[in-house]
Amino acid sequence: MAYWLFKTEPEELSIDDLAAEPARSFVWDGVRNYQARNFLRDQVQLNDLVFIYHSSCQPPGIAGIARISRAAYPDPAQFEPTSPYFDAKAKPEAPRWIAVDVQFTQKFARFVPLDKLKKSSTLIEMPLVRKGNRLSVMPVTAAQWQFIVSLTT
DNA sequence: GCCAACGTTGGC
DNA sequence: GCCAACGTTGGC
C-alpha cells in the first residue's frame with residue numbers, strides 16, 4: 001500500500017464533492033503530464049491512499065483523504081472530442097492518458113494550508129513545496145504522510 | 001492578472 | 001537532435 005498526493009481545483013472537484021457521495025467512485029481524469037501519467041499507470045494501486053490537495057484557490061492546501069477504488073485504465077476524456085481533455089493523437093488501441101477512480105475516505109477536521117507545509121523540514125523533499133513544481137500526481141512517503149496527518153487533529 | 005518555472009512543439 | 005518559441009501551471 002502506497003501513499004499519494006493528487007492536486008485538484010476545488011471548483012472542478014473538491015473534498016466536499018467527494019464527501020457528498022461517499023459511496024461513489026469518481027473518475028480522476030485530465031492528467032496531461034507524462035511524469036504524473038506514469039505514476040498513475042505504473043505505480044498507483046487499488047486501495048492506495050491519496051491526499052486531496054486543493055490548488056488555484058485561497059488558501060491552497062490539503063483537505064482530506066481518498067482511496068483508490070479503481071487502478072489505471074485509459075482516460076475516457078482523451079477520446080471525447082467535446083472534452084477539454086480531448087487528445088486527437090490518442091487512439092483507443094494506443095491510449096496516451098490514464099485515469100484512476102477515487103472514493104471519499106475522510107475530510108480533515110483541520111485543513112493543512114500550503115504555507116504550513118512549506119515551513120516543515122520533514123517535507124522539504126516533497127515536490128509540492130519545491131519552487132516552480134507543477135506535478136499534479138506525486139508519491140508521499142510514509143513519514144511525510146504521518147507527519148501531515150498529525151497536523152490535522 | 002502577473003509571471004516564474006518548465007514541459008512540449010516544431011523549424012531547421 | 002538542438003533549441004527558441006510557446007503554452008500551461010499555480011502561487012502570489
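# Exercises on a protein–DNA model

Both Tyr 3 and Trp 145 are buried (buried means under 20% relative accessible area, exposed over 50%, and partly exposed in between, with a 1.4 Å probe and protein chains only). The model is a predicted one, in which local features need pLDDT of at least 70 and side-chain atom pairs count only at pLDDT 80 or more, whereas totals for chains, interfaces and linings use all residues. Residues are numbered from 1 along each chain as its sequence is written, chains are lettered from A and ligands numbered from 1 in the order in which they are written, and side-chain values use heavy atoms, with hydrogens and water left out.

**Exercise 1.** Find how many aromatic pairs the whole structure holds, and work out why the pair of Tyr 3 and Trp 145 ties together separate parts of the sequence.

*Solution.* Begin with the criterion: rings of Phe, Tyr and Trp (its six-membered ring) pair if their centres lie within 6.5 Å, and planes under 30 degrees apart count as stacked, over 60 as edge-to-face and the rest as tilted. A search of the whole structure then returns six aromatic pairs. For Tyr 3 and Trp 145 the ring centres are 4.4 Å apart and the planes lie at 20°, so this pair is stacked. Next, place the two residues in elements, where helices (H or I, at least four residues) and strands (E, at least two) are DSSP runs numbered from the N terminus. Tyr 3 belongs to strand S1 (residues 3–8) and Trp 145 to helix H4 (residues 142–150), so the pair links parts 142 residues apart in sequence. Finally, Tyr 3 and Trp 145 join Phe 51 and Phe 108 in one aromatic cluster.

**Exercise 2.** Establish whether S1 is mostly covered or open, and identify which strand pairs with S1 in the parallel sense and which runs antiparallel to S1.

*Solution.* Six of the six residues of S1 are buried, which makes the strand mostly covered. Its side chains divide into two sets, with Tyr 3, Leu 5 and Lys 7 pointing one way and Trp 4, Phe 6 and Thr 8 the other way. For the pairing, note that two strands pair if DSSP finds at least two bridges between them. S1 pairs in the parallel sense with strand S3 (residues 49–54) over six bridges, and the bridge partner of Thr 8 in S3 is His 54. Strand S6 (residues 137–140) runs antiparallel to S1 and is joined to it by four bridges, with Phe 6 standing opposite Val 137.

**Exercise 3.** List the residues that surround DNA strand B and those that surround DNA strand C, and locate polar contacts to each DNA strand.

*Solution.* A residue is near a molecule or strand if one of its heavy atoms lies within 4 Å of it. Around DNA strand B this gives Tyr 34, Lys 131, Gly 132 and Arg 134, and sugar and phosphate make up 75% of the atoms of DNA strand B that come within 4 Å of the protein. Around DNA strand C the residues are Lys 7, Tyr 53, Ser 55, Ser 56, Pro 60, Leu 114, Lys 118 and Arg 134, with 77% of the corresponding DNA atoms belonging to sugar or phosphate and the rest to bases.

For polar contacts, take pairs of N or O atoms within 3.5 Å; within protein, one must be able to donate a hydrogen and the other to accept it, and residues adjacent in sequence count only if both atoms are side-chain atoms. An N or O atom in the side chain of Arg 134 is 2.9 Å from a base oxygen of DNA strand B. Phosphate oxygens of DNA strand C lie 3.0 Å from a side-chain N or O atom of Lys 7, 3.0 Å from a backbone N or O atom of Ser 56 and 2.5 Å from a polar side-chain atom of Lys 118.

**Exercise 4.** Describe the backbone at Pro 59, Asn 47 and Ser 56, and decide how exposed Asn 47 and Ser 56 are.

*Solution.* As background, most residues other than glycine have a negative phi, and most peptide bonds are trans. The peptide bond from Gln 58 to Pro 59 is cis, with omega near -5°, and Pro 59 is found in the loop between S3 and S4. Ser 56 also lies in the loop between S3 and S4; its phi is positive, about 50°, although it is not a glycine, and a relative accessible area of 64% makes Ser 56 exposed. Asn 47, likewise not a glycine, has a positive phi of about 75° and sits in the loop between helix H2 (34–42) and S3. Its relative accessibility is 37%, so Asn 47 counts as partly exposed.
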